Amino acid sequence: MKARTRPVVIAGDPVLHRPAAPVTDFGPELAELIEDMFATMYLAEGVGLAAPQVGVSQRVFVYDCHDESGEFYKGHVVNPVISHASAELEDGDEGCLSVPGPYAPLPRPREVTITGVDQHGEPLRLTGTGFLARCFIHETEHLDGILYIDHLSRRRRSRVLQDVEPFSWNAPLPF
Ligand code: NI
């Protein structure tokens, strides 16, 4: 099975703005989707990618991201749920492959724990700190139809959207 990259859809595409369906089929199609999502994330030089970003409304994401100690973690999570988020927040800039180009400051919990399953349906429990925590929460929110820009003020949100510039790996602008 050879992974292929898929176009990353851009904010405004309806698939990004509605909740994705729980994964119930743990067959070869899911494995193929995950492989393709990794290939797409690396092509786009991203640190995380959720299935709706490649137009698939299913609850799965992939990541390859460092935590606050600088160590990299790579994997995928199916049907993730945020089971704990620290009250302590951390400032940082956030971006999204579906909002290509700009970044905006957004405080996020410093530590996040998620539960879910892997592509075989085996339970997973992951705790991340720093940028990895930011990634876990950002990607899980994608599956609920929430983009990071939805947390910004209306003014900043529209400014960020004005600065969107698609890359070669993006799908055409939906507007
Ligand atoms: Ni994103």
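## The sheet and its strands

Gly116 stands opposite Leu124 in strand E9, and this pair is a convenient place to start reading the structure, which is a predicted model. Seven bridges join strand E8 to E9, and the two strands run antiparallel. They also form a hairpin with five residues between the strands, and in this hairpin Gly121 takes a positive phi near 90°. On the subject of E8 itself, which covers residues 111–117, five of its seven residues are buried, so the strand is largely enclosed by the rest of the structure.

E8 also pairs with strand E3, again in the antiparallel sense, and here there are five bridges; within this pairing, Ala85 stands opposite Val112 of E8. These strands belong to an open sheet of five strands, whose order is E1-E2-E3-E8-E9 and whose pairing is antiparallel. Its edge strands are E1 (48–50) and E9 (123–129), each of which pairs on one side only. If direction is ignored, neighbouring strands of this sheet are turned by 45° against each other on average. At the E1 end of the order, E1 and E2 (residues 60–66) are antiparallel and share three bridges, and the bridge partner of Leu49 is Val62 in E2.

## Two residues with positive phi

Apart from Gly121, two residues that are not glycines deserve a look for their backbone angles. Glu45 has a phi near 55°, which is a positive value in a residue other than glycine, and Glu45 is placed in the loop between helix H1 (28–43) and E1. Is Glu45 buried or exposed? Its relative accessibility is 72%, and because exposed means over 50%, Glu45 counts as exposed.

Asn79 likewise has a positive phi, of about 50°, although it is not a glycine. While Glu45 lies in a loop, Asn79 is found in a strand, namely E3 (residues 72–85).

## The nickel site

Which residues coordinate the nickel ion? The ion is coordinated by Cys96 through its SG atom and by His138 and His142 through their NE2 atoms, at 2.0 to 2.2 Å. Along the chain, the donors follow the spacing C-x41-H-x3-H. The two histidines at the end of that pattern both lie in helix H2 (residues 130–142), where they are four residues apart, about one turn of the helix.

How accessible are these two histidines? His138 has a relative accessible area of 6%, and His142 has one of 1%; because buried means under 20%, His138 is buried and His142 is buried as well. A residue from a distant part of the chain can also be located with respect to His142: the C-alpha atoms of Arg18 and His142 are separated by 8.8 Å, although the two residues are 124 residues apart along the chain. Arg18 is found in the segment before H1, and with a relative accessibility of 41% it counts as partly exposed.

The third coordinating residue, Cys96, can be placed through its strand pairing, in which it stands opposite Val99 in strand E6. The strands E5 and E6 pair in the antiparallel sense over three bridges, and together they form a hairpin with two residues between them.

## The pockets

The largest pocket has a volume of about 440 Å³. Of the 24 residues that line this pocket, the closest to its centre are Gly46, Gly95, Cys96, Leu97 and Tyr103, so that Cys96 appears both here and among the residues that coordinate the nickel ion. The elements that give two or more residues to the lining are E5 (93–96), E6 (99–105) and H2. Sorted by class, the lining of the largest pocket has 13 nonpolar, six polar and five charged residues.

The second largest pocket has a volume of about 180 Å³. What lines the second largest pocket? Its lining consists of Arg6, Val23, Asp25, Glu29, Leu30, Glu32, Leu33, Val56 and Gln58, and these residues divide into four nonpolar, one polar and four charged.

Key: Residues numbered from 1 in each chain as written. Predicted model: local features only at pLDDT ≥ 70, side-chain atom pairs only at ≥ 80, totals over all residues. Heavy atoms only, no water. Donors = N, O, S within 2.8 Å, 3.2 Å for Na, K, Ca; no water. Buried < 20%, exposed > 50% of the residue type's maximum accessible area, 1.4 Å probe, protein only. 1 Å grid on protein atoms, 1.4 Å probe; cavity = no way out; pocket = protein on both sides within 12 Å on 5 of 7 lines; lining within 4 Å. Points joined across faces, edges and corners; volume = space filled by probe spheres on them. Nonpolar A, V, L, I, M, F, W, Y, C, P; charged D, E, K, R; others polar. Pairing = 2+ DSSP bridges. Axes fitted to C-alpha atoms, helices over the stretch in contact; angles between N-to-C directions.
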